[in-house]
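Subject: Structure handover and notes

Hello,

Here is the structure we talked about handing over. My notes follow below it.

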Amino acid sequence: MFMARQVLRNGLFLRSLAPIKITARTVASANAGIKRKSRFDKTMIKPLLLVMIFGSILNAVIAEKRNIIDMERKYKLKLDKLKELIRRVHDNNGKVDFDADDELKLVNLRLGIVGKNATGMKEDETDIVVPKEESLEEIWQSIIDEAKKEVIEKTPDAGVKNKEGIVTDLNVLKDLEKSKKEDEKVYLSGDVHMMMNQPGDLNEIAKEHDKIPKFL
Amino acid sequence: LEHEERESQLKKEVEILEHQLNELIVQDKT
């Protein structure tokens, strides 16, 4: 009897604990789910950062390489030209039948050097070619000159009126008459009349007229 | 650094060749 009672008690006890266990499990599983999600997000941040850093480094390296290649090409062009000129002098038995400055002008332009002399390499390096700025300044100057001319041409119109403010010039009077006649010819087309309480309140009229589509 | 070294090296080469060419021009003039 004692055993049976104990078993029954234990059974009841377990039954009473069962809902607590289940709730504990569900909470634990829910927590695990939240943890998993947060872990997933964190792992996505790291590779993204790595990709960004690696990409920026790669970009900088490529740009640097490109600069080096470009610079080497420019200098090699000049070296080839100089070698060619020296060969020409040797072939011509030491006689120079060309202007070195003219020959090297294009190559120097490519390097951004204004060559006064072939020898003045270091001195001329500071003189960077800026042909565009000069031309822009000239254009700007010409625009200003034109504007000034226009202002000067328009000023004589002010002297048409006499001291009392009455226009005495015949040509000006004729022009005024012409413009008045042209103004009289222009009239407002009165095919459609629209009456509104407040000026510009077209929405009200649109509601009244059924023919006017809504989107207008 | 590599870029600057390469540039200075190329500049030196250009200067040497320019010097040679100038010498030839001076010889021709004299």
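Where in chain A does Gly112(A) lie? Gly112(A) sits in the loop that runs between helix H2 (100-111) and helix H3 (121-124) of chain A. With a relative accessibility of 17%, Gly112(A) counts as buried. Its C-alpha atom is 9.9 Å from that of Lys74(A), and the two residues are 38 residues apart along the chain. Lys74(A) comes up again below, in a salt-bridge network. Please keep in mind throughout that this is a predicted model.

Chain A overall

Chain A has 216 residues, of which 12% count as buried. Its secondary structure consists of 6 helices and 0 strands, so the pattern read along the sequence is α-α-α-α-α-α. If contacts in chain A are restricted to residues at least 6 apart in sequence, 21% of them join residues at least 24 apart.

Annotated spans

Two spans of chain A carry UniProt annotations that can be set against the model. The record lists residues 44-63 of chain A as "transmembrane region". In the model that span is 100% helix and 0% strand, with its end C-alpha atoms 29 Å apart. The record also lists residues 64-93 of chain A as "coiled-coil region". There the chain is 93% helix and 0% strand, and the end C-alpha atoms are 44 Å apart.

The interface between the chains

How many residues of chain B are in contact with chain A? The count is 16 residues of chain B, against 24 residues of chain A. Between them the two chains bury about 2000 Å², and 73% of that area is on carbon and sulfur atoms. On the chain B side, His3(B), Glu18(B) and Leu21(B) supply 28% of the area that chain B buries against chain A, more than any other three residues.

In terms of polar interactions, there are 2 salt bridges between chain B and chain A. The number of residue pairs in polar contact between the chains, both at pLDDT 80 or more, is also given as 2. The residues on the side of chain B that touches chain A divide into 6 nonpolar, 3 polar and 7 charged.

Salt bridges across the interface

One salt bridge links Glu72(A) and Arg6(B), with the closest N and O atoms 2.4 Å apart. Glu72(A) lies in helix H1 of chain A and Arg6(B) in helix H1 (residues 2-29) of chain B, so this pair joins two chains. Arg6(B) is partly exposed, at a relative accessible area of 25%.

Another salt bridge is formed by Glu18(B) and Lys78(A), where the closest N and O atoms are 3.1 Å apart. This pair also crosses between chains, from helix H1 of chain B to helix H1 of chain A. Are its two partners buried or exposed? Glu18(B) is buried, with a relative accessible area of 4%. Lys78(A) counts as buried too, at 1% relative accessibility. Glu18(B) is also one of the three residues named above for their share of the area buried by chain B.

Salt bridges within chain A

Over all chains, a search of the whole structure finds 4 salt bridges. Which residue forms a salt bridge with Arg73(A)? The partner is Asp70(A), and the closest N and O atoms are 2.8 Å apart. Both residues lie in helix H1 (residues 2-91) of chain A, 3 residues apart, which is about one turn of the helix. Arg73(A) counts as partly exposed, at 48% relative accessibility. Asp70(A) is partly exposed as well, with a relative accessible area of 27%. Unlike this pair, Glu18(B) and Lys78(A) are both under the 20% cut-off, so they fall in the buried class.

Asp70(A) and Arg73(A) also belong to a network of salt bridges that includes Lys74(A). This is the Lys74(A) whose C-alpha atom is 9.9 Å from that of Gly112(A).

That covers what I have on this model.

Regards

Note on methods: Residues are numbered from 1 along each chain as its sequence is written. Chains are lettered from A and ligands numbered from 1 in the order in which they are written. This is a predicted model: local features need pLDDT of at least 70, side-chain atom pairs count only at pLDDT 80 or more; totals for chains, interfaces and linings use all residues. Side-chain values use heavy atoms; hydrogens and water are left out. UniProt positions are given in the numbering used here, feature names are shortened, and annotations may be inferred rather than shown by experiment. Helices (H or I, at least four residues) and strands (E, at least two) are DSSP runs, numbered from the N terminus. Contact means heavy atoms within 4.5 Å. Buried area is the accessible area (1.4 Å probe) that two parts lose on being put together, summed over both. A salt bridge is a side-chain nitrogen of Lys or Arg within 4 Å of a carboxyl oxygen of Asp or Glu. A polar contact is a pair of N or O atoms within 3.5 Å; within protein, one must be able to donate a hydrogen and the other to accept it, and residues adjacent in sequence count only if both atoms are side-chain atoms. Ala, Val, Leu, Ile, Met, Phe, Trp, Tyr, Cys and Pro count as nonpolar, Asp, Glu, Lys and Arg as charged, and the others, Gly among them, as polar. Buried means under 20% relative accessible area, exposed over 50%, partly exposed in between (1.4 Å probe, protein chains only).
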